[in-house]
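Welcome to my notebook. I jotted these entries down while looking through a structure that was new to me, and I hope they help you find your way around.

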Amino acid sequence: MQAQRSIEGGHDPCQVTRIAREDHSLAHQVGAAVGAAGHVPANYGAPVSETLEPPPPEVGVSGADAAEAVLAEAAAAAAEAAAVVEPLKQAVEMTPLDFPRRLLLVHAHPDDESITCGATMAKYAAEGTLVTQVTCTLGEEGEILDPTVEHLAADREDGLGQHRIGELAAAMEALRVRDFRFLGGPGRYRDSGMMGVPSNERPECFWQADLDEATRLLVAVVREVRPQVVVTYDENGGYGHPDHIQAHRVAVAAFAKAADPAYAPEVGEPWAASKLYYTAMPKSVLQAAIDAVRESGGTMFEGVESVDDLPFGVPDEVVTTQIDAPEQFEAKMAALRAYPTQISVDGPFFALSNNIGQRAFGTEHYTLVAGERGAGDGPCGRESDLFAGL
């Protein structure tokens, strides 16, 4: 059955973002609470061989025997390191088509991927799927929750973006995702900030990006990776952030244009991905989160009593796909802890995780908007696999 939801329709972002601006961290809280150029090395750091140090000779052992023992242990350590490194080397040399299943996700800022799709990414990576994460900006305008790096704020040293590259790398390591990139390379597009703020007008920000140029950059990735499944935000970017909306526009355009032989043939052979999904947060899940925190004596969002008070969330009936991956709960939590500048360990997200844990945080939801819907073998007749029917 064809997906029924239009990828062109939308909500009014002005009304939604006006509410969101009242607390520009609200979307991060709720998302966390329920939930060719430009490569960043996923295996950066000291080589394994540089970290191996032979132990000192044991007391009472002769110099010759001690030397032999050291050599034997070093040889064993080298063999162990080779057993780890060689498969990684072979994996690097593999081409995308060596992976039977390939998943491409397009997100706006570092941390968005872990908040909305962390369990999904970890699940498919663990199953041997090629998972490729494309991040559109460095997140330079983000609010800084870690006081030790407040000096990196956009209105001070403006170094947060570079710092968040490292946070993204650490999060991807937690999720075991090896292919993660920035659209056009790190820093090609700047974080635009929340809707209606002066940073929206900066010529280098993503909100001001030439749509065809950004689309062409993403088409090159699609044609290189050749994913069967593409994931991004809905037409309102989930909650009205301009970079999320722009990521949606670019991803939807690239999904279509990558398959067109007449479009930018210089960036690769055409490729038609089979399915396009939007991330989704069912209203019932949001309400359950609000209730769980209230029952524990806390407050998830100041002044919010009902999901109807929130500027985001989708009706349950538009959700087509539910990925249940409770075994990836710890991986998702580790990925979120990799973002101390953006997600407070004392905030509602981690408080909520202590209350409802794996039941909620290992489950993520999506809406299929293009492609054939697979068998509804999950809860409420939903797909239980993004690759269902392929």
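**Entry 1: where two helices meet**

I began with the contact between two helices, where Leu 211, Ala 214, Thr 215, Leu 218, Val 219 and Arg 223 of α7 meet Gln 246, Arg 249, Val 250, Ala 251, Ala 253, Ala 254 and Lys 257 of α8. I sorted the residues of this contact by kind and got eight nonpolar, two polar and three charged. A reminder to myself: this is a predicted model.

Next I looked up how the two helices lie. Helix α7 covers residues 211-225 and helix α8 covers residues 242-257, and their axes are 8 Å apart at an angle of about 55°. An angle of about 55° is neither under 35 degrees nor within 65 to 115, so I noted α7 and α8 as oblique to each other. I also wrote down the handedness: the crossing of α7 past α8 is right-handed.

**Entry 2: aromatic pairs**

How many aromatic pairs does a search of the whole structure find? I noted three. To describe such a pair, I need the distance of the ring centres and the angle of the planes.

I took Tyr 124 and Phe 387 as one of them. Their ring centres are 5.4 Å apart and their planes stand at 65°, so I put this pair down as edge-to-face. I then checked where the partners sit: Tyr 124 is in helix α5 (residues 112-126), while Phe 387 is in the segment after β7 (363-370). The pair links distant parts of the chain, 263 residues apart. Are these two residues buried or exposed? Both Tyr 124 and Phe 387 are buried.

I looked at Tyr 189 and Phe 206 as well. Here the centres are 5.2 Å apart and the planes are at 55°, so the pair is tilted. Tyr 189 and Phe 206 both lie in the loop between β3 (179-182) and α7, so this pair ties together parts that are 17 residues apart in sequence. I found Tyr 189 buried, and Phe 206 too.

**Entry 3: an aspartate in a strand**

My last stop was Asp 324, which lies in strand β6 (residues 321-324). Its relative accessibility is 35%, so I recorded Asp 324 as partly exposed.

Which residues does Asp 324 touch, leaving aside its neighbours within four places in sequence? I listed Gly 362, Thr 363 and Pro 379. I also looked up Ser 384: it is 60 residues from Asp 324 along the chain, and the C-alpha atoms of the two are separated by 7.2 Å.

How values were computed
Residues numbered from 1 in each chain as written. Predicted model: local features only at pLDDT ≥ 70, side-chain atom pairs only at ≥ 80, totals over all residues. Heavy atoms only, no water. Axes fitted to C-alpha atoms, helices over the stretch in contact; angles between N-to-C directions. Helix = DSSP H or I, 4+ residues; strand = E, 2+ residues; numbered from the N terminus. Parallel < 35°, antiparallel > 145°, perpendicular 65-115°, else oblique. Left-handed = near helix turned anticlockwise from the far one by under 90°. Contact = heavy atoms within 4.5 Å. Nonpolar A, V, L, I, M, F, W, Y, C, P; charged D, E, K, R; others polar. Phe/Tyr/Trp six-rings, centres within 6.5 Å; stacked < 30°, edge-to-face > 60°. Buried < 20%, exposed > 50% of the residue type's maximum accessible area, 1.4 Å probe, protein only.
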